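Here is a small set of exercises to work through with the model open beside you. Try each task before you read its solution.

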Amino acid sequence: MNCERCGVDASLAHRDVDGFAYYLCETCIDGWDAIRGSSPDAAEGPRSPAR
Ligand SMILES: [Zn+2]
């Protein structure tokens with residue numbers, strides 16, 4: 001199979017991200033985890049509805 005992110009032909013691992021199933025190579029999984037772990041939007045707190 002080919003990695004769905006970089007297209008390399010390698011042994012892939014299944015990752016479930018935001019409800020979607022992806023097959024990624026080890027390199028992309030490492031990069032993906034790094035990106036996901038540093039996403040500022042994911043850690044956004046509740047906003048004040050009014051002031
Ligand atoms: Zn890849």
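## Exercise 1: The strands

Task: work out how β1 and β2 pair, and in which sense.

Solution. Strand β1 (residues 13-17) runs antiparallel to strand β2 (residues 20-24), and five bridges join them. Strands here are DSSP runs of E with at least two residues, helices are runs of H or I with at least four, and both are numbered from the N terminus. Two strands count as paired if DSSP finds at least two bridges between them. Before going on, note that this is a predicted model: local features need pLDDT of at least 70, side-chain atom pairs count only at pLDDT 80 or more, and totals for chains, interfaces and linings use all residues. Residues are numbered from 1 along each chain as its sequence is written.

Next, take the partners one by one. Ala13 has Leu24 as its bridge partner in β2, while Val17 stands opposite Phe20. Finally, look at the turn: two residues separate the strands of this hairpin, and Asp18 there has a positive phi of about 55 degrees.

## Exercise 2: The overall layout

Task: which pattern does the protein chain follow along the sequence, and what is its mean pLDDT?

Solution. Start by counting elements: the protein chain has one helix and two strands. In sequence order they give β-β-α. Then turn to pLDDT, the predictor's confidence in each residue from 0 to 100. The chain averages 81, and 82% of the residues score at least 70. Confidence is highest in β2, at 90, and lowest in helix α1 (residues 26-37), at a mean of 82.

## Exercise 3: Checking the helix

Task: compare the expected span of α1 with the distance between its end C-alpha atoms.

Solution. The expected span is 1.5 Å times one less than the number of residues. For the twelve residues of α1 that gives 16 Å, and the end C-alpha atoms are 16 Å apart, so the two agree.

## Exercise 4: Buried or exposed?

Task: decide how well covered the chain, its elements and two chosen residues are.

Solution. A residue is buried if 20 or more other C-beta atoms (placed from the backbone) lie within 10 Å of its own, exposed if 12 or fewer, and partly exposed in between. By this count, 8% of the 51 residues of the protein chain are buried. In α1, one of the twelve residues is buried, so the helix lies largely in the open. β1 is hardly covered, with zero buried among its five residues.

Now the two residues. Val17, in strand β1, is exposed because 10 other C-beta atoms lie within 10 Å. Tyr23, in strand β2, has 15 C-beta neighbours inside 10 Å, so Tyr23 counts as partly exposed.
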